[in-house]
Amino acid sequence: MTSLKGKVAVITGSSRGLGFAIAETYAQAGASVVLAARSSKTVVQAVDSLRAKGYTASGLTCDVSALDQVRALAEHAVSTFGRIDIWVNNAGISGIYGPTAHIPVERFEQVLRTNIFGTYYGSVIALEHFVRQGSGKLINLLGRGDNGPVKFQNAYASSKYWVKSFTMALAQEYKATGVGIYAFNPGLVDTEMLRDLEAVQSFESKLNPLKTVIRLWANPPTVPAQKALWLASSATDGKTGLYVNVLGRQQALSGLLRDLMRRITRTPAPDTTLHITSITPNFPLPEGY
Ligand SMILES: NC(=O)c1ccc[n+]([C@@H]2O[C@H](COP(=O)([O-])OP(=O)(O)OC[C@H]3O[C@@H](n4cnc5c(N)ncnc54)[C@H](OP(=O)(O)O)[C@@H]3O)[C@@H](O)[C@H]2O)c1
């Protein structure tokens, strides 16, 4: 089994979903883990649940879009566990689905502040530690849009495109330092992000195809968490600049085959319920749009 024994890992956005699964997987592999998210209640619950299983975990309330809070998170990790070896910029939000100019400005901006500035702050603060140490693993989360534009998901998709470019440039800049810098697209992960959605009024039904996509290709968070474990482990030593995407051709094909088998064996389809909240557009949509 891959070991992270003796390592200290900070995972942002880890009170639930993929971030929590990564924290648990790292803890299982022997790491001391530091969890963080905006809601203090859920951070405490997440830390308690890991400690109840005998893992070494600590937590801090942290909004990654605020530089001072990200700095405080790093200080918390060092004062609690003595050092930082792995930093995962996992915190991310998807924002409102719909045409860009019709989305309230502050909501569009919140996606950019979380996904772009959160990743930027986490990266530079982690690198301050890693470059001094001459070691460390920085993992930045990508997502839909990291390879090009996605209409009606412009804030999220363009932010992930930025994260990919930013991460690859960092990997080139710090190539000779002994620090590993990786871009990680976890594929489709069955979390709140995928199920709890917001759409501009009259765009709700455009999200229905997502049910089929979830049925065919969504993984439980434990699946990409194993890939994140591999990225954080010694297996990637000397391989800085990796871009890993869990949803490759092979996974896409096996999702189709699994669904075919399910139909043949008349197994009931998994639940793909979506919760969609309607958002009033900034200004009226054009007729027939
Ligand atoms: N789910 C997918 O299919 C999928 C696909 C590709 C990529 N990803 C990426 O994977 C990452 C995790 O997604 P997920 O599906 O696990 O999302 P999720 O279930 O919605 O969980 C998001 C986590 O981030 C925290 N968070 C949100 N905003 C934050 C902020 N400003 N500062 C600190 N923490 C914050 C949330 O807690 P609080 O709300 O309490 O802060 C929560 O712990 C994201 O970067 C996402 O883009 C997900």
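This is a walk through the structure above, from its ligand shell to its strands, cores and a few single residues. Please keep in mind that the model is predicted.

Let's begin at the ligand. A shell of 31 residues surrounds the ligand, and the closest are Gly13, Gly17, Arg38, Gly92 and Gly143. Sorted by class, this shell holds 12 nonpolar, 15 polar and 4 charged residues. Three helices each give at least two residues to the shell around the ligand: H1 (17–28), H4 (105–133) and H6 (192–195). Keep H1 in mind, since we will meet this helix again further on.

Now follow the chain to strand S7, which covers residues 179–185. Is this strand enclosed or not? Because 7 of its 7 residues are buried, S7 is largely enclosed by the rest of the structure. You can see this by looking at the two sides in turn. In a regular strand the side chains alternate between the two faces of the sheet. In S7, Val179, Ile181, Ala183 and Asn185 lie on one side, Gly180, Tyr182 and Phe184 lie on the other, and all of these are buried, so both faces are covered.

What are the pairing partners of S7? Strands of a sheet pair through backbone hydrogen bonds, either parallel or antiparallel. With strand S6 (residues 136–141), S7 pairs in the parallel sense over 6 bridges, and glycine 136 stands opposite valine 179 of S7. Between these two strands the chain passes through helix H5 (residues 154–173), and this β-α-β crossover from S6 to S7 is right-handed. S7 also pairs with strand S9 (residues 243–245), again in the parallel sense, over 3 bridges. Here the bridge partner of alanine 183 is tyrosine 243 in S9.

A second set of strands deserves a look. An open sheet of 3 strands has the order S5-S8-S10, with parallel pairing. Its edges are S5 (96–97) and S10 (275–279), each of which pairs on one side only. Strand S8 (residues 196–200) runs parallel to S10, and 5 bridges join the two. One pair to find on screen is aspartate 196 with its bridge partner in S10, histidine 275.

Next come the nonpolar cores. The largest has 62 residues, and those with the most contacts inside this core are Ala9, Tyr26, Val33 and Leu35. Helix H1 returns here: the largest share of the core, 7 residues, comes from H1. Tyrosine 26 shows how the packing looks around one residue: leaving out residues up to four places away in sequence, tyrosine 26 touches Leu4, Ala9, Ala31, Val33, Leu229 and Ala232. Apart from the largest core lies another, of 5 residues, among them Ile96, Tyr97, Ile103 and Val200.

Leu229 and Ala232 lead us on to helix H8 (residues 222–232), where both are among the buried residues, along with Pro224, Ala225, Lys227, Ala228 and Leu231. What do the buried residues of H8 pack against? Their partners are S1 (8–12), H1, S4 (86–89), S6, S7 and S9.

The contact with S6 can be seen from the other side at isoleucine 139, a residue of that strand. Isoleucine 139 counts as buried because 26 C-beta neighbours lie inside 10 Å. Beyond four places in sequence, its contacts are Val88, Tyr182, Phe184, Ala228, Leu231 and Ala232. For a sense of scale, the C-alpha atoms of isoleucine 139 and glutamate 204 are separated by 33 Å, with their positions 65 residues apart along the chain.

Serine 58, in strand S3 (residues 57–61), is a further example. Serine 58 is buried because 20 other C-beta atoms lie within 10 Å. Outside its neighbours within four places in sequence, serine 58 is in contact with Val34, Val47 and Thr80.

Finally, two loop residues have a backbone worth checking. Most residues other than glycine have a negative phi. Phenylalanine 152, in the loop between S6 and H5, has a positive phi near 70°. Serine 202, in the loop between S8 and helix H7 (209–217), also has a positive phi, near 85°. Are these residues buried or exposed? With 18 C-beta neighbours inside 10 Å, phenylalanine 152 counts as partly exposed, and serine 202, with 13 other C-beta atoms within 10 Å, is partly exposed as well.

Notes:
Residues numbered from 1 in each chain as written. Predicted model: local features only at pLDDT ≥ 70, side-chain atom pairs only at ≥ 80, totals over all residues. Near = placed C-beta within 6 Å. Helix = DSSP H or I, 4+ residues; strand = E, 2+ residues; numbered from the N terminus. Nonpolar A, V, L, I, M, F, W, Y, C, P; charged D, E, K, R; others polar. Buried ≥ 20, exposed ≤ 12 C-beta atoms within 10 Å, placed from the backbone. Pairing = 2+ DSSP bridges. Right-handed = clockwise from strand over helix to strand, strands pointing away. Core = buried A, V, L, I, M, F, W, Y, C linked by C-beta atoms within 7 Å. Contact = placed C-beta atoms within 7 Å.
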